[in-house]
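Visitor: I have a model on my screen and a few terms I would like explained. Could you walk me through them?
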Amino acid sequence: MVTNPLDYVEPLGKAGASGFTFHVEASRDNWQELVQKIKSKGMKPGVSLKPGTPIEEVYPLLDGENSVELVLVMTVEPGFGGQKFMPEMMDKVRTLRKKYPSLDIEVDGGLGPSTIEAATSAGANCIVAGSSVFGAPDPAQVITLLRGSVEEAQKRS
Ligand SMILES: O=C(CO)[C@H](O)[C@H](O)COP(=O)(O)O
């Protein structure tokens, strides 16, 4: 998480990023300008929210003009890898999935073989995973498992 996301749009665009996700908590006053700038640099805009932030805070960014195309529901407090997945965040994912059936919904924090099912069955289709992949004896196998869980959940929906 950065506190001044606007400052990073230009450099990340230049570096070739395809997407740019900012925290709603850091952009309450300027998210419209931010989304416009992200799109003007050819990147896909996304918004993220911390565990303590209610899901309703992102609705204006999805419903109006200059809408974001992805919501990242943090399943740990932002800061560092290796933290414990917060299953109670799945209520946010379920609520979002019900309201926005084709939205990209990402989850980040504590995702791995033991938590992926909770996330994908709630409606998450983009997974951020650090420790469970990089700490595994066979990282490719974990990635295949995570991807398979997303695909299975999508077939069921
Ligand atoms: O940066 C993070 C939090 O700010 C992420 O949660 C992290 O990169 C993912 O790591 P892990 O899969 O180990 O939870």
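Guide: Happily; we can take the terms one by one, bearing in mind that this is a predicted model.

Visitor: What makes the protein as compact as a globular protein of its length?
Guide: Let's start with the fold: 7 helices and 5 strands, arranged along the sequence as α-β-α-β-α-β-α-β-α-β-α-α. The radius of gyration is 15 Å, and the globule rule gives 15 Å for 157 residues, so the protein counts as compact as a globular protein of that length. Its C-alpha atoms fill a box of roughly 40 × 35 × 25 Å along the principal axes.

Visitor: Why is isoleucine 143 called partly exposed?
Guide: Count its neighbours: 15 C-beta atoms lie inside 10 Å. Buried would take 20 or more, and exposed 12 or fewer. The count falls in between, so isoleucine 143 is partly exposed. This residue sits in helix H7, which spans residues 139-156. Its C-alpha atom is 35 Å from that of glutamate 33, with the two positions 110 residues apart along the chain.

Visitor: How many of the residues in the protein are buried?
Guide: Buried residues account for 33% of the 157.

Visitor: Which residues come nearest to the ligand?
Guide: Of the 16 around the ligand, the nearest are Pro78, Gly81, Gly109, Gly130 and Ser131.

Visitor: How do the residues of that shell divide into nonpolar, polar and charged?
Guide: There are 6 nonpolar, 9 polar and 1 charged. Glycine counts as polar here, so Gly81, Gly109 and Gly130 belong with the polar residues.

Technical notes. Residues numbered from 1 in each chain as written. Predicted model: local features only at pLDDT ≥ 70, side-chain atom pairs only at ≥ 80, totals over all residues. Helix = DSSP H or I, 4+ residues; strand = E, 2+ residues; numbered from the N terminus. Rg over C-alpha atoms; globule rule 2.2 N^0.38 Å. Near = placed C-beta within 6 Å.
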